[in-house]
Amino acid sequence: MTVSTEISSNEYTGNGVTTDFDYKFRIFKANQLSVITSDADGDNVVTLRLGTDYTVTGANKSAGGKVILTKPLANGHKISIARDIPITQETSFRNQSKFFAETHEDAFDYLTMIIQRIWGSLGSLYLKRPNILANWFDAKGYRIANLGKPKRDSDAVDLGTLKDEISSVNSTILKKEKRTFRVDDIDIPAFPSISERRNKQIGFNSSGIPTLLDPAETGALGYILVDSFEKGATLTGRFQALFWEEKKEYFRWDGPLDKVVPPNSTPNETGGIKTDENPNGLWVSVGDASLRGELVNVVPTYNSVLGLISDKRVHNNKIADVISFFSDKGRGGGRFIYKSDIDKSTHNGGTIIDPTAQYPTNWKDNQQLTNWFNSANEGNGVWVKLVEGAVNISEFGYLPEYDCTKFLFAVEKSEIKHLHLDSNVGISDHITLKNIDALTGDSVEVKPLSGTPSLKITADTYDVSSKLVSSIGAGDLFFTLNSQIQDLEVGDALVFIHDIPFSFSEYRENYKTSEIVVVNSVHGNSVKIEKGFIFNYADLVNTKIIHFKGRELAINGVNFVGVRVSYLNRAQLNIANSSVTTEFGNHAALIGRCISIEARNFTAINNDDDDSKFGYGVMLSGAQDAIIKNSSFIGRRHGSASGSGTFDDKSSSLSINIVLDGCYLESRAQSVGNTAAYDNHGASYKCRVINSVCNGGVVLGGYLPVADNCDVSRKGVQFPLSFREVIGGDIVYRNIRAKSVVNGGRLLGTHSSSESGKLKEDINFIFDNIEYSNETDIANLIEIPNSSVLYKVNVRIDTIKYNMQITDSVVYTWNAGLLGKVDIKNTTGKAPYRWLKYSNTLNDDSLLSAPAFSQRLTVNVPKGGAGTVNMIFPTRLNTAMYSQSVVLHSDLPFNCSVLSSPDDSAGYQQYAKIYVSDDKGRLADGTTPIAISATIIPDNMQLKK
């Protein structure tokens, strides 16, 4: 081939659609192209990678080929495709060898391509003179970047240096101009000293020379507004204006000064109004202040809101300053503007004030406060407070000695977004706030004045279930509606609830498969979410969707003392430096159906001792994606609990991805059953407690829960570690330091036998690096009852230390259905009496006659230990034979033997004992088994009816 074109690069501009771009020159290999892209300005240049960002066709073709991008080039972006070959010569010609024309031609072509590459760079990429005679360089319209700082007068100057220089020059000029009065056509003499200039105005005389003028003599500043005819006044200057409230007009005085105007008088009574019919009148109307530009724009100041609304001299856009809401308190003041076109019904008593509203004479009188805050007079004209940022509760007239309930109702009516509590407050009723997005304070306290008040901060929710038309699979990012959801916007939250049980509880029906998703984009009836769905929603009839706006709620520096608090229905929740302490109720703090939760230095303490109450410190109900750090939660029953509750719209949702990190959790009633410092209900998905202190035990439930690096203690009748309503997967207890002081207390057991759960898949109890101490000997270390009979239960113990005697079993499983594998290794402690006791005494023929009940049990026990494995099997079966395969794995010098003996004392079971002895054949008690089966490590053990 030949190199028949001088072209060695091509450039194109993207349209947002095209992915294929031609290169019209020859290359030998696909990797001999340099492909770069940039934005429209050429500032952001990216070198693309072969195989990742693009592919190449047409290698070794004289006409070239195509570069095919993996995604379209954005509209307006540019792409350059250039030949980029190594500057090498790798063709070798041997002396007197055969002449291969194509090889020689390829070698010459390669050299030609190298020349084109260099010439192309010289011709188009390098800064150069247009010809040999030119004494300047042509940048051809391109910017020159990364210039060094100039040192000589002839150096090129970068823009930054130029701006700095101009700024320095301007600064010097401005310093001088600040003391200079300049005109273009005459010289200006210096003005007099400060004392002579004080309270004067600059004007110009008949010669155009600047001079000082006295406003009181010239009226250069317009009219100065004073009091009214109704209130009385003394006029001392010609350019003062007096207001006549009855007619809403201003008048100046043209008679002798000083002019004394008595209260409750009129212009006609005190000198007459000058008109064509009365040319001798001494009062001259200067019109409505809203229309007369000559009236001075002096901002009046009032000591209180009462003073503001008592002044009837109002006009549109009048500005007024209020020093304090009450004249003697120094709180709640600010700047107001009068708006004559705003309806009086918008009055809220704080930031919008109707001057005709009934002002309270007693701010502790609830009826007067109701009349004030709920005033809805007819007509227009209100004072509007100019507010930037947070609104203080004192701006509604609140003082610490008042009941704040009515004031908070007024805040809610006002749709204020950020409320700041600038003092401690007391409330006496239940309060719901839907409009605020931030509640802050300077370590203030909210306390009850009477009764048992509570605060709920929530948002409106909307059931839009009927709009879903597309089934949804786990991982999907899109779903389709039959019509648009009203006001659905990016950032809004949607709760998907499928009427399928997520986990089983005998007394809870609200454990439904559910999750919260956040809207990423809306295109017609198609909605994209930020993260893929966790669960499937195939049954559209039984799928419920709840919509709430994507609003943030921030709580900082507010301590609720004796007041329960609920935070509900927010797409983002941030809590910091705040606390909730209560003496009553199911919970101190409830975080319900919120997503993207972050809490730090948050305390929730429930001191209610009523056994009929749940007694939670904090309840996370339908919460999702939460990180809670350095916080403390204490409750009678649970310090912290996560799961599902029923909300105002009669629906529920799971708690998903909840992490408690570095927290202190405490159950105050550890001597009572069904209590724990940390509790996962069955409506939990991937919830974890890590690096925390759990004073009162840990309960893991739901799906894939984890407790890691925690100090766990227990004083009561139950276990330091528990589980409830689990549905399968890994239940992980890792790096746990557990302590119990109860007589015979086990390390692990079920939280309640009635709610241990029905499995949806095999379950793995994992104990990794556990230390357990108890003041007394215990019967069983780990007890696992009442699991589903359709899936296997596996137990893995890896490194466990204990200080007590185990008088029965390390692992005791009863009514546990299928036991899959028990793996015990690296134990430190006294030799147990028995490694495993497996008792399956379920007496349900319909369940146990299924062929699935044939299983293979694997038991691993520690090297050097001694003990037994007991297994009890049901015999009342519909089938004639129940097959059970048992395999024992043990490192030598273990002796494993089976003793099978019928035991019909209970009338329904047979009993098999598997001994594990030491290298001398001794059991844990030092004795030698009397009856030993001839079969060692049997493959099959058949127990017949």
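**Exercise 1. Parallel strand pairing**

In which sense do strand 51 and strand 53 pair, and over how many bridges? Identify a residue pair, then extend the analysis to strand 49.

*Solution.* The model under study is predicted.
- Step 1. Strand 51 pairs with strand 53 (residues 763-774) in the parallel sense, and eleven bridges connect them.
- Step 2. Within this pairing, Val732 lies opposite Ile766 of strand 53.
- Step 3. Strand 51 (residues 729-740) also pairs with strand 49 (residues 706-714), again in the parallel sense, over eight bridges.
- Step 4. In that pairing, Cys710 faces Ile736 of strand 51.

In general, strands of a sheet are held in pairs by backbone hydrogen bonds, in either a parallel or an antiparallel manner.

**Exercise 2. An open sheet and its edges**

Determine the strand order of the open sheet that contains strand 1, and explain why strands 1 and 4 are its edges.

*Solution.*
- Step 1. The sheet is open and consists of four strands in the order 1-7-3-4, with antiparallel pairing.
- Step 2. Strand 1 (9-13) and strand 4 (45-47) each have a single partner strand, so one side of each has no neighbour in the sheet.
- Step 3. From one strand to the next, the twist averages 20 degrees.
- Step 4. Inside the sheet, strand 3 (residues 33-38) and strand 7 (residues 78-83) run antiparallel and are joined by six bridges. One residue of this pairing is Thr37, whose bridge partner in strand 7 is Ile79.

**Exercise 3. Classifying three residues by accessibility**

Assign Ser621, Ile393 and Leu127 to the classes buried, partly exposed or exposed.

*Solution.*
- Step 1. The cut-offs are under 20% relative accessible area for buried and over 50% for exposed, with partly exposed in between.
- Step 2. Ser621 has 4% relative accessibility and therefore counts as buried. Ser621 belongs to strand 38 (residues 616-621). Beyond its neighbours within four places in sequence, the contacts of Ser621 include Leu590, Ile591, Arg593, Phe647 and Ser655.
- Step 3. Ile393 has 0% relative accessibility, so Ile393 is buried as well. Ile393 is located in the loop between strand 21 (391-392) and helix 7 (405-413).
- Step 4. Leu127 has 46% relative accessibility and therefore counts as partly exposed. Leu127 is in the loop between helix 1 (101-125) and helix 2 (159-177). Together with Phe137, Ile144 and Leu147, Leu127 makes a nonpolar surface patch of about 400 Å².

**Exercise 4. The surroundings of helix 7**

Which residues of helix 7 are buried, and against which elements do they pack?

*Solution.*
- Step 1. The buried residues are Thr405, Phe407, Leu408, Ala410, Val411 and Glu412.
- Step 2. These buried residues pack against helix 6 (366-373), strand 22 (418-421), strand 23 (425-427) and strand 24 (431-433).
- Step 3. Ile393 also touches this region: among its contacts are Phe407, Leu408 and Val411, as well as Leu419 and Leu421. The C-alpha atom of Ile393 is separated by 8.8 Å from that of Gly350, which is 43 residues away along the chain.
- Step 4. After helix 7 comes Glu415, with a positive phi near 60 degrees.

**Exercise 5. The chain as a whole**

What share of the residues is buried, and what share of the contacts joins residues at least 24 apart?

*Solution.*
- Step 1. The chain contains eight helices and 64 strands.
- Step 2. Of its 945 residues, 48% count as buried.
- Step 3. Considering contacts between residues at least 6 apart in sequence, 66% join residues at least 24 apart.
- Step 4. The exposed area of the chain is about 45,600 Å², of which carbon and sulfur atoms supply 48%.

Key. Residues are numbered from 1 along each chain as its sequence is written. This is a predicted model: local features need pLDDT of at least 70, side-chain atom pairs count only at pLDDT 80 or more; totals for chains, interfaces and linings use all residues. Side-chain values use heavy atoms; hydrogens and water are left out. Helices (H or I, at least four residues) and strands (E, at least two) are DSSP runs, numbered from the N terminus. Buried means under 20% relative accessible area, exposed over 50%, partly exposed in between (1.4 Å probe, protein chains only). Contact means heavy atoms within 4.5 Å. Accessible areas come from the Shrake-Rupley method with a 1.4 Å probe; for residues, only the protein chains shown count as cover. Two strands pair if DSSP finds at least two bridges between them. Axes are lines fitted to C-alpha atoms, for helices over the stretch in contact, and angles run from 0 to 180 degrees between N-to-C directions. Patches are made of residues with over 30% relative accessible area and no salt bridge: like charges are joined within 9 Å, nonpolar side chains (Val, Leu, Ile, Met, Phe, Trp, Tyr) within 5 Å. A salt bridge is a side-chain nitrogen of Lys or Arg within 4 Å of a carboxyl oxygen of Asp or Glu.
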